[in-house]
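Thanks for agreeing to look at this one with me. My notes are below as numbered points, best read with the structure open beside them.

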Amino acid sequence: MGLFSKIKKMFSSNEEEIEEEELNEEEELEEIEEDSEETQEVEDEFEESDEDSEDAQEIEEDSEEIKEEIINDDELEEFEDEIKEEDSEVLEVEEELDNSETELEDSKKEEHSLSKKELKKKKKEEKILKKQQKKEEKRKKQLEEVQIYEKGLTKSREGFVSKLASLTNKYKKITDDYFDELEETLIMADIGVNTVMNFMDRLRDRVKHEKIENTEDLKEIIIDELFIIYVNDDVLVNKINFNDNGPTVVLFVGVNGVGKTTTIAKIASKMKKEGKKVLLVGGDTFRAGAVLQLEDWGKKINVDFYGKEQGADPASVVFDGLVKAKEEDYDLVLIDTAGRLQNKVNLMKELEKINRVIGQQIEGGPHETLLVVDATTGQNGISQAKSFKEITNITGIVLTKLDGTAKGGIVLAIKDEVNIPVKYIGLGEREDDLQVFDIEKYIYGLFKDL
Ligand SMILES: Nc1nc2c(ncn2[C@@H]2O[C@H](COP(=O)(O)OP(=O)(O)OP(=O)(O)O)[C@@H](O)[C@H]2O)c(=O)[nH]1
Ligand SMILES: [Mg+2]
C-alpha cells in the first residue's frame, strides 16, 4: 500500500475503530452490572442469618424464664420433662445458632471480598469512563485539525490538485506530453524547479521499472513521491526546542509584511492556553507602529508585553526584556524583530548583536530562530529563506498565509531546497489560525479528493 493510502486510511478509519472499542467497553460494563447483582444476593443472605440469630436469642431467653419459674415454684418433677424438652430445643437452637454464626462469618468474608471486588470494579468503571472521554477529546481534536488543514488548503486543492486530476483525465496513457504538462503543473504550484526536476527523474524511473502505463495508476505514486521529497530520510522535527533551565527564548525573523507579529501573537495565544507564562518583546523598533501593534496583540490575547519607544536600540530592548523574564519566571519569551533594515549587512549586524545579548542573558539562547515566510510570495519566499540562512542560524520556518495561495507546493520546495523544517503554518489572520505543521495532515488536506 502506498504512503498516501495509509494516511487516508488512518484519518478515515478512525470512526470504525472507535465504534468497536465502544462495543467492548459496553460488554465490560454489563459484566460489572452482573457482578453487582451477585453482591446483592449475598447481602440478602446475610440479612437472613441475622434474623436466625435473633430467633435463637429469644428461645434462650424463654428457657431462662422457665428455669426461674421452676426454682421458685419447687415443682421440679412436673416440669422435668418439659425442661428436658426445652433443653434439647435450646441445644438445637444453639446448634443452629452455631451454624448460622459460621455461615455469618462465611458470608461476612464473602461480603468483604465482594466489597473489595466491587470497589475494584468501580475504579475500573471510572477508568473506562475517563478513557472514553479522553479518546473522544483526542478524536475531536484530530478531526478539527484535519478539517483546519482541509479548509486552509482549499485554494491549493482547487488549484494544482484539480489540475493534476484533469491531467489524468486528459491523458489516459502516460506519454511525453503528459510528463511535460505534469512538470509544468508542479512548477506552477511553487514546488520549485530543482525539486521538480529531481521529482520528474524519480517518477520516470518508477514508471519504467514498474511498467506503469496509465495516468490513473500514477496518481498515488505522485503523491508518495511528493511526500518522500519532504521527509527525505530526515527525522521530522516540528517541535519547539524548550529550555529546561529557565525561559525559552524564540526569535522571529523575516522580511516586512510576511506575518511575524501576527505569528508571535498566534504562538503566544497557543502557549498560554497550554499553561505557559509568556512574554512578548517588541524588538522591532524600526517601523513606526510596530511596537504598538505587538502591545495591542498582548492586550487582546491577555499576554504580557515588554517594549520601548520607536527608535530605541533593539538589543537593549531585548536585554531588559530578558532581565524581566528571568526575574519574573517567564516560561517563554517571543521576540519580534524588524524585517526592513537598509541592507543585508545591517540586518546581519543587528541580528548578531541581538543573538549575543540573548546568549549572555540566557544559556543556550535563542533556543529557536524561526524564519517567517509568506507562502503567497512563492519563489521569492524560497530566496528569502536562502538569504536568511546565510546571515543567521535558522532552526525552523513558519509558513504564513497558506490559506491565501493556490500554490501550497512551497511547503515541499522550502524543505527540499533550503532544508529547514516547517514548524508552523498560518492559515488565517486570527489568533487561532495557526497549526503545528504535520506533513501527513498536509498531504491529506491537499490530495483527499484526488
Ligand atoms: N490570510 C492570512 N493573513 C495573514 C496570516 N498571517 C499574517 N497575515 C496578515 O498579514 C499582514 C502582515 O502581518 P504582520 O504580522 O504585521 O507582518 P510582519 O511580518 O510583522 O510585518 P512588519 O512588522 O511590517 O515587518 C497582516 O494583515 C496579517 O493579518 C495568515 O496566516 N493568513
Ligand atoms: Mg511586525
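1. Let's start with Phe-199, which touches Leu-186, Glu-225 and Ile-229 once residues up to four places away in sequence are left out. Please keep in mind throughout that this is a predicted model. The C-alpha atoms of Phe-199 and Glu-225 are 7.1 Å apart, although their positions lie 26 residues apart along the chain.

2. Where does Phe-199 sit? Its place is in helix H6, which covers residues 193-209. Is Phe-199 buried or exposed? There are 22 other C-beta atoms within 10 Å of Phe-199, so it is buried, the cut-off for that class being 20 or more.

3. Stepping back to the whole chain, you will find 14 helices and 8 strands. Of its 450 residues, 33% count as buried. Among contacts with a separation of 6 or more, 79% join residues that are 24 or more positions apart.

4. The largest nonpolar core holds 88 residues, and Val-333, Leu-334, Leu-399 and Ile-414 have the most contacts inside it. Helix H7, residues 215-231, gives the most to this core, with 7 residues. For a closer view, try Leu-399: setting aside residues up to four places away in sequence, it touches Val-373, Ala-375, Ile-410, Val-411, Val-422, Ile-425 and Gly-426.

5. Helix H8, residues 260-273, allows a simple check of geometry. At 1.5 Å a residue, its 14 residues should span 20 Å, and the end C-alpha atoms are indeed 20 Å apart, so the two values agree. Just after H8, Gly-275 takes a positive phi of about 95 degrees.

6. Why call H8 largely enclosed by the rest of the structure? Because 10 of its 14 residues are buried. The buried residues run from Lys-260, Thr-261, Thr-262 and Thr-263 through Ile-264, Ala-265 and Lys-266 to Ile-267, Ala-268 and Ser-269.

7. H8 also matters for your view of ligand 1: it gives the most to the shell around that ligand, with 3 residues. Of the 21 residues around ligand 1, those that come nearest are Asn-256, Gly-259, Thr-261, Thr-262 and Gly-426. Two of these names have come up in H8 already, as Thr-261 and Thr-262 are among its buried residues. Gly-426 is also familiar, being one of the residues that Leu-399 touches.

8. Finally, what classes of residue make up the shell around ligand 1? The shell has 11 polar, 7 charged and 3 nonpolar residues.

Methods. Residues are numbered from 1 along each chain as its sequence is written. Chains are lettered from A and ligands numbered from 1 in the order in which they are written. This is a predicted model: local features need pLDDT of at least 70, side-chain atom pairs count only at pLDDT 80 or more; totals for chains, interfaces and linings use all residues. Helices (H or I, at least four residues) and strands (E, at least two) are DSSP runs, numbered from the N terminus. A residue is buried if 20 or more other C-beta atoms lie within 10 Å of its own, exposed if 12 or fewer, and partly exposed in between; C-beta atoms are placed from the backbone. Two residues are in contact if their C-beta atoms, placed from the backbone, lie within 7 Å. A nonpolar core is a set of buried Ala, Val, Leu, Ile, Met, Phe, Trp, Tyr and Cys residues joined through C-beta atoms within 7 Å. The expected span of a helix is 1.5 Å times one less than its number of residues. A residue is near a molecule or strand if its C-beta atom, placed from the backbone, lies within 6 Å of it. Ala, Val, Leu, Ile, Met, Phe, Trp, Tyr, Cys and Pro count as nonpolar, Asp, Glu, Lys and Arg as charged, and the others, Gly among them, as polar.
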